[in-house]
Amino acid sequence: MAAQISTIAESKEVRGLNLIAAHSHVRGLGVQPDTLAPKPAAEGLVGQQKARKAAAVILQMAREGKIAGRAVLIAGPPSTGKTAIAIGMSKGLGEDVPFTMLASSEIFSLEMSKTEALEQAFRKSIGVRIKEESEVIEGEVVEIQIDRSVTGGNKQGKLTIKTTDMETLYDMGTKMIDSMTKEKVQAGDIISIDKASGRITKLG
């Protein structure tokens, strides 16, 4: 009995690898960019020209924001190109659009509920890119003056930094002073200052 269970597990792993390898060559829907007419063989797809053109129309609507929040159902017998067309649509939307393949056996798995399996698939399918911009000043430290309060209050100080364009005097608060102390900044060091957060980094 143990040998049979091991054999079943191995066959599932091989099948998963075969599914990935079978569609790794797909790079798009293989249609003309202006007329959306399908090419006989292009971008890893051959045949199914009507389905590819229909998918290209849906893809164009998605790019223009006319089909947001909608779903597309591709139905047909096995091995007719349903998954390949879905991957082609994903490739057509760009590298930032993830493609998540979910087998029915995963949804009906005894190890987790159907809701949990679908939630995991939805999380994998969400592509989020966060872009942060910050203004950073780099230069050589000319002079550091720190006034330490006798009563242990807030620290204050002044920092003179020389860049390629000018020499500037900055007023420092407790946060910047603590950051400089942590980095062990001294006169003559090259540092960078994040103007938004006040974080100081020693460069050399």
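This briefing walks through two nonpolar cores, one helix with its surroundings, a strand pair and a pocket. Please keep in mind that the model is predicted. Its largest nonpolar core has twelve residues, and apart from that core lies another, of eleven residues. Helix α3 is a good element to keep in view, as it gives four residues to the largest core and three to the lining of the second largest pocket.

**The largest nonpolar core**

- The twelve members are V26, L29, V31, L36, L45, A55, A56, L59, A84, I85, I87 and M89.
- Two elements, α2 (49–63) and α3 (82–92), each give two or more residues to this core.
- With four residues, α3 supplies the largest share of the core.
- L45, one of the core members, is in contact with V26, G28, L29, P40, R52 and A84, once its neighbours within four places in sequence are left aside.
- As general background, nonpolar side chains tend to be buried together in soluble globular proteins.

**The other core**

- Apart from the largest core lies a core of eleven residues, and V141, M172, I177 and M180 are among them.
- Two of these names return in helix α6, where I177 and M180 are buried.

**Helix α6 and what covers it**

- Helix α6 spans residues 174–183, and its buried residues include M176, I177, S179 and M180.
- These four sit on the same side of α6 because they cover an arc of only 160 degrees around the axis.
- Residues three or four places apart in an α-helix point the same way, since there are 3.6 residues a turn.
- On the other side of α6, K175 and K182 are exposed.
- The cover over the buried residues of α6 includes the strands β3 (136–147), β4 (156–162), β5 (167–172), β6 (190–194) and β7 (200–202).
- Just after α6 comes K184, which has a positive phi, near 55 degrees.

**The β4–β5 hairpin**

- Two of the strands that help cover α6, β4 and β5, form a hairpin with four residues between them.
- Their pairing is antiparallel and runs over six bridges.
- Within this pair, L159 stands opposite Y170 in β5.

**The second largest pocket**

- This pocket has a volume of about 200 Å³.
- Its lining comprises 13 residues, and H23, S79, T80, G81 and K82 are those nearest its centre.
- Helix α3 gives three residues to the lining, the largest share.

Methods:
Residues are numbered from 1 along each chain as its sequence is written. This is a predicted model: local features need pLDDT of at least 70, side-chain atom pairs count only at pLDDT 80 or more; totals for chains, interfaces and linings use all residues. Side-chain values use heavy atoms; hydrogens and water are left out. A nonpolar core is a set of buried Ala, Val, Leu, Ile, Met, Phe, Trp, Tyr and Cys residues joined through side-chain atoms within 4.5 Å. Buried means under 20% relative accessible area, exposed over 50%, partly exposed in between (1.4 Å probe, protein chains only). Contact means heavy atoms within 4.5 Å. The arc is that of the directions from the helix axis to the C-beta atoms. Two strands pair if DSSP finds at least two bridges between them. On a 1 Å grid over the protein atoms alone, a cavity is a set of points where a 1.4 Å probe fits but cannot get out, and a pocket is an open set with protein on both sides within 12 Å along at least five of seven lines; lining residues have an atom within 4 Å of a point. Grid points are joined across faces, edges and corners, and a volume is the space filled by probe spheres set on the points.
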